[in-house]
Amino acid sequence: MNAAGGTLIRTARCQSFREHKGRLQAAYNLIKNGIDALIVCGGDGTLTGADTLRSEWPGLLKELVQTGKLTEEEVAPHTYLTIVGIVCSIDNDMALTDITIGAVTSLHRICEAVDSISSTAFSHSRAFVIEVMGRHCGWLALMAAISSGADYVFIPERPPEAGKWKEEMLDAIEQQREAGKRNTIIIVAEGAIDDSLEPIKADDIRKLLVEAKIDTRVTTLGHIQRGGRPCAYDRNLATLQGVEAVEAVLRATPDTPSPMISVRENKFVCEPLMKAVKLTHQVAEAIAEKNFRRAMELRDPEFSAGYEAYLSTTFMKNKAPSQANHSLKIGIIHIGAPAGGMNAATRAAVRVAINHGHKPIAIYNGFSGLLNENVHELRWLDVDDWASKGGSELGTTKVEADSLELIACQLQKQGINALLLIGGFEAYSSLIKLSKARDKYPAFCIPMVCIPATISNNVPGTEFSLGSDTSLNAIVDGCDVIKQSASASRRRVFVVEVHGGNCGYLAVMAGLAVGATNIYAPEYGLSLKILQEDVNHLVRRFGADKKRTSSGRLILRNESVSSTYTTDVIANIMQTEGQGLYDSRTSILGHIQQGGSPSPMDRIRAKTFAVKCVHFLEKHAHFSDPSEKTKLPEVYTKDPESAAVIGITGAKIVCTPVSELELETEFDKRKSKKAWWLNVKPLVELLSKWVEGVFVIHLTEIEEERSWYFPNYDHDKLSNSQFYM
């Protein structure tokens with residue numbers, strides 16, 4: 001069921017529920033089925049209707065008794081109705097929550113379509129105007145523009161100036177074409193308007209471009225944005241919000257307002273449902289009143305930041321550096337294994353650097369490329385199509401910074417006075433080495449920052465590395481196919497081996513997303529006792545299944561969990577001890593886990609990281625006073641804060657000095673000592689180990705340690721729970 005799109009219990013827009021008679025019938029049906037609590041999944045209309053039913057509940061019960069449809073005895077156990085809302089909306093348009101279920105999956109569908117259309121656009125030197133959903137909310141359009149590197153975007157919250165936008169758009173596109181760009185992608189939200197509230201339609205844009213002698217087509221994506229298998233992010237978001245909703249039901253009282261499960265600043269919180277609905281409606285009202293500033297304020301704070309980041313990486317300003325920033329030569333180097341988002345981050349960094357008057361210098365093939373003087377200044381259009389490209393366009397190796405004297409010599413020779421490292425643990429370790437050698441080599445006394453990019457998600461200083469979401473989706477896609485094969489064979493268990501080194505992040509989060517029976521990761525250990533417990537569970541589970549209805553099952557094993565219990569050994573144990581009830585197979589996903597095109601989430605994070613990294617380098621670039629006689633380089637800093645790792649920490653994106661991060665690093669295991677996702681595994685077991693209504697795992701153990709799936713989790717204070725983003 002994790003892999004199924006849409007809704008298996010069906011959905012409908014029920015007109016009769018808008019009337020009193022329909023709600024009376026609904027109350028009757030609920031009482032007859034012994035239901036007095038509803039977890040309602042939907043948008044603002046659905047949630048408003050549910051809250052209306054709750055407010056009318058006492059009156060509806062009284063009417064049902066008075067009309068003789070129900071007796072006093074039947075309604076007595078159900079004196080109040082509990083409503084808990086879970087927001088499911090591809091538009092991501094609900095106030096008081098940063099993300100809604102379905103939005104990221106819809107973004108996946110859009111990006112897949114735009115990436116495909118871009119090939120045709122390039123081949124024919126065409127322009128494509130792509131309409132996406134979003135009547136009053138431009139989140140899908142904006143994030144799709146950021147993810148795909150679109151050339152122009154129209155959203156309701158930031159309408160262009162009436163009478164000017166046509167000329168401005170044509171000038172921007174003409175400038176791009178004159179610079180050598182062969183294709184044009186314009187994304188328009190279905191509710192796009194200008195600042196006089198006149199609609200901006202895709203066909204109107206097409207006509208303008210055709211008049212400008214640009215071959216143009218229109219594509220309306222329509223309902224493909226709602227379909228398809230859910231992405232890994234939405235599967236885990238929906239699962240965790242479902243658990244939160246049950247907890248909210250158990251805490252509810254007749255006096256508390258109906259809660260809505262929200263994600264605010266990477267944490268779950270309960271917000272008053274009707275307050276969220278009211279604020280959501282205020283966005284449309286603010287737009288209708290031409291109060292566009294207010295409309296932007298009502299959106300997620302990252303919405304405005306994302307819009308500004310989009311502008312800074314899309315339109316070339318040819319801006320000279322300010323006197324405060326001067327001009328930097330920013331070296332950009334990829335280190336470690338390829339990871340989704342490396343190229344997107346490089347693209348954003350190059351374009352922001354150019355717009356700020358700096359020179360972005362590509363260092364090809366890691367530090368070995370630097371020593372061989374394989375460097376080149378990147379231009380605006382050199383990186384134009386890198387947003388959607390997987391792998392590493394600069395080339396990357398797993399070789400850390402050695403030969404420090406030669407590296408220092410080449411940095412000085414190339415005039416590089418700021419350094420952006422993009423990569424995994426090797427990039428992090430290299431940054432530590434360079435910063436520690438500053439006393440010996442002045443060439444390293446420059447601002448340096450590392451963007452974590454590794455599928456293993458094992459770099460200290462961030463909860464999420466670039467590439468980890470792309471890899472999760474690759475694993476989930478593979479496991480869906482494997483599970484289909486296992487289910488077709490009815491009684492089969494697959495032991496699936498995934499990457500991660502000594503970090504179990506991929507195994508744990510992929511296990512939650514695909515509904516794995518269990519997860520074997522280094523952080524939890526693996527023993528014969530654990531294997532025996534899982535064999536016993538599988539025997540009971542397959543034994544309880546009805547004939548011809550048994551589904552296949554998955555066990556995810558991290559590649560480094562045990563040198564004794566290898567993937568083949570585990571599968572053989574499962575097969576031998578299965579008592580003939582099932583057989584077992586193995587599958588090693590290998591390098592497909594690095595993914596092809598990066599996921600939208602990794603593309604967005606890449607752009608956010610890169611923009612902030614350029615600002616970081618500018619902030620810490622201390623230029624020498626040319627009037628003073630000194631032997632120091634033009635840029636010189638030994639400030640420990642000028643060598644840092646950028647990352648997501650809680651609700652913020654921060655740059656943490658590597659000198660601080662060393663204390664939280666397990667260098668022998670090449671990972672951080674912190675792992676927010678460790679408590680997810682018991683939830684995976686709880687969801688999978690259920691036989692005929694009886695939990696197979698020890699619930700007393702879960703009760704004793706109530707933080708099953710979040711660090712700092714407090715069931716009595718939902719606002720303290722930590723969400724994964």
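# Salt bridges, burial and backbone in a predicted model

A search of the whole structure finds 37 salt bridges, a salt bridge being a side-chain nitrogen of Lys or Arg within 4 Å of a carboxyl oxygen of Asp or Glu. This is a predicted model in which local features need pLDDT of at least 70 and side-chain atom pairs count only at pLDDT 80 or more, while totals for chains, interfaces and linings use all residues. Residues are numbered from 1 along each chain as its sequence is written, and side-chain values use heavy atoms, with hydrogens and water left out.

Me: Which residue forms a salt bridge with Asp203?
Reply: Asp203 lies in helix α7 (residues 202–211), and its partner lies in that helix too, four residues apart, about one turn; helices (H or I, at least four residues) and strands (E, at least two) are DSSP runs, numbered from the N terminus. An α-helix has 3.6 residues a turn, so residues three or four places apart point the same way. The closest N and O atoms are 3.8 Å apart, and the partner of Asp203 is Lys207.

Me: Is Lys207 buried or partly exposed?
Reply: Buried means under 20% relative accessible area, exposed over 50%, and partly exposed in between (1.4 Å probe, protein chains only). The relative accessibility of Lys207 is 42%, so Lys207 counts as partly exposed.
Its partner Asp203, with a relative accessible area of 35%, is likewise described as partly exposed.

Me: How many residues apart are Asp477 and Arg229?
Reply: The side chains of Asp477 and Arg229 meet in a salt bridge of 3.0 Å, N to O. The pair links distant parts of the chain, with Asp477 in helix α16 (residues 468–488) and Arg229 in the loop between β6 (216–220) and α8 (232–251). Asp477 is partly exposed at 35%, and Arg229 is partly exposed at 37%. Along the chain, the two are apart by 248 residues.

Me: What is the relative accessible area of Glu271?
Reply: Glu271 forms a salt bridge with Arg264, the closest N and O atoms being 3.2 Å apart. Arg264 is partly exposed, with a relative accessible area of 29%. Glu271 is buried, its relative accessible area being 16%.

Me: Where is Ser262 found?
Reply: Ser262 has 0% relative accessibility and therefore counts as buried. Not counting residues up to four places away in sequence, Ser262 touches residues including Leu96, Gln241, Phe268 and Glu271, where contact means heavy atoms within 4.5 Å. Ser262 is found in residues 259–264, strand β7.

Me: How many residues of helix α22 are buried?
Reply: Helix α22 spans residues 681–688 and is mostly covered. Among the buried residues are Leu683, Val684 and Leu686, and also Lys681 and Glu685. Of the eight residues in α22, the buried number is six.

Me: What is the phi of Asn92 near?
Reply: Most residues other than glycine have a negative phi. Asn92 is found in the loop between β2 (82–87) and α4 (103–124), and at 6% relative accessibility Asn92 counts as buried. Phi of Asn92 is positive, near 50°.

Me: What is the phi of Ser125 near?
Reply: Ser125 lies in the loop between α4 and β3 (127–132). At 26% relative accessibility, Ser125 counts as partly exposed. Ser125 is a residue other than glycine with a positive phi, near 55°.
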